[in-house]
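Biologist: Could you take a close look at the aromatic pairs in this model for me, and then place them in the wider chain? I would enjoy a connected account, with the reasoning spelled out.

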Amino acid sequence: MAEEMQYSIRESFRARHVNLRISVQRGLEIVVPRGFDRARIPRILEGRREWIRKSLAEISRQARSGGGAARDALPERIEMPALGESWRVEYEPSPSARAVLRQAGPDTLRLSGAVASKDVCRALLLRWLRARAGQEFGAMLAGLARETGLSFGRLSIRCQSSRWGSCSMRCDISLNLKMLFLTPPQVRQILIHELCHTRHHNHSRAFWGLVSSLDSGDSAIRAEIRASWRTIPAWI
């Protein structure tokens with residue numbers, strides 16, 4: 001089987017063990033430590049025969065999925081302008097029945113295990129994004145609340161398709177994790193917008209007057225925010 005299989009080999013100074021990775025973009029990729037004896041690879045592949053067969057079949061199905069391909073494609077890098085962060089995403093398949101996401105370095109996320117399932121990987125990445133947004137936006141919102149003299153109740157993070165945020169009558173604020181893909185000025189404008197709703201639960205003239213008094217560039221930034229939905233990664 002190893003002789004018939006198409007695969008690429010990549011040496012990595014970070015790798016401590018041989019890792020097999022399968023993706024639509026690269027097919028089967030074998031990551032080996034520096035100086036690894038490549039004559040051992042056919043035997044390794046033979047030992048993983050059944051897992052490789054199933055994973056390649058799933059990848060082939062994804063490649064034939066037509067219109068949903070852009071959404072099905074998982075990211076190899078996650079750029080978050082709101083935080084000034086860029087994360088590399090690594091996929092490390094193994095015969096495990098479950099997948100696990102962990103931080104493998106200061107700017108690296110690694111999904112290992114049953115990573116052939118795009119739905120499982122997407123769910124893990126969204127959970128990580130939700131936690132990251134809650135941590136960072138929570139701190140930003142608290143800072144702006146102190147700065148503006150406005151206060152809010154609880155903060156929740158959601159993944160929505162048409163709203164950046166909302167504020168309840170109890171002054172609980174909900175924010176969209178997709179704000180991670182906006183710029184810092186855009187995020188600040190949304191946070192101020194929702195904080196102003198803690199005083200005016202409407203879009204009255206008084207509400208917009210308060211927004212303008214706290215953010216002089218609101219009109220220009222608001223136009224940018226309306227167009228920003230097109231920049232959100234398709235896989236989210």
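Modeller: Happy to. A residue is called buried when its relative accessible area is under 20%, exposed when it is over 50%, and partly exposed in between. By that rule, buried residues account for 43% of the 236 residues in this chain. Please keep in mind that the model is predicted.

Now to the rings. Searching the whole structure turns up 3 aromatic pairs. One of them joins Trp87 and Trp128, with 5.1 Å from centre to centre and 75° between the planes, which is an edge-to-face arrangement. Trp87 belongs to strand β5 (residues 85-93), while Trp128 belongs to helix α4 (residues 118-148), so this pair ties together parts that are 41 residues apart in sequence. Both partners are covered: Trp87 has a relative accessible area of 6% and is therefore buried, and Trp128, at 15% relative accessibility, counts as buried too.

Another pair is formed by Trp164 and Trp229. Their ring centres are 3.9 Å apart and their planes meet at 20°, so this pair is stacked. It also links distant parts of the chain: Trp164 sits in the loop between β8 (155-158) and β9 (165-167), and Trp229 in the segment after α7 (218-227), 65 residues apart. Here the cover is uneven, because Trp164 is buried with a relative accessible area of 10%, whereas Trp229 is partly exposed at 26%.

A tryptophan also takes part in a charge contact. The charged end of Arg48 sits over the ring of Trp51, at 4.9 Å from the ring centre.

Back to helix α4, the home of Trp128. Its 31 residues should span 45 Å at 1.5 Å a residue, and the end C-alpha atoms are 43 Å apart, so the two figures agree. After α4 comes Gly149, which has a positive phi, near 80°. Helix α4 also holds Arg132. With a relative accessible area of 12%, Arg132 is buried. Leaving aside residues up to four places away in sequence, Arg132 touches Met80, Leu83 and Glu85. Of these contacts, Glu85 falls within the residue range of β5, the strand that carries Trp87.

Helix α5 (residues 184-196) passes the length check as well: its 13 residues should span 18 Å, and its end C-alpha atoms are 18 Å apart, so expectation and model agree. This helix is mostly covered, with 10 of its 13 residues buried. Among them are Val187, Ile190, Leu191, Ile192 and Leu195, along with His193 and Glu194. Cys196 is on that list as well, and its relative accessible area is 0%.

That brings us to the cysteines. The search of the whole structure finds 0 disulfides. Cys171, for instance, is in none, since its nearest cysteine sulfur, that of Cys167, is 5.1 Å away and a disulfide requires the sulfur atoms to be within 2.5 Å. Cys171 is nonetheless buried, at 16% relative accessibility.

Finally, the wider chain. It has 7 helices and 10 strands. Of the contacts between residues at least 6 apart in sequence, 49% join residues at least 24 apart. The chain exposes about 12800 Å², and carbon and sulfur atoms supply 49% of that area.

Notes
Residues numbered from 1 in each chain as written. Predicted model: local features only at pLDDT ≥ 70, side-chain atom pairs only at ≥ 80, totals over all residues. Heavy atoms only, no water. Phe/Tyr/Trp six-rings, centres within 6.5 Å; stacked < 30°, edge-to-face > 60°. Helix = DSSP H or I, 4+ residues; strand = E, 2+ residues; numbered from the N terminus. Buried < 20%, exposed > 50% of the residue type's maximum accessible area, 1.4 Å probe, protein only. Lys NZ or Arg CZ within 6 Å of the ring centre and 35° of its normal. Contact = heavy atoms within 4.5 Å. Areas by Shrake-Rupley, 256 points an atom, 1.4 Å probe, with all protein chains shown as cover. Expected span 1.5 Å × (residues − 1).
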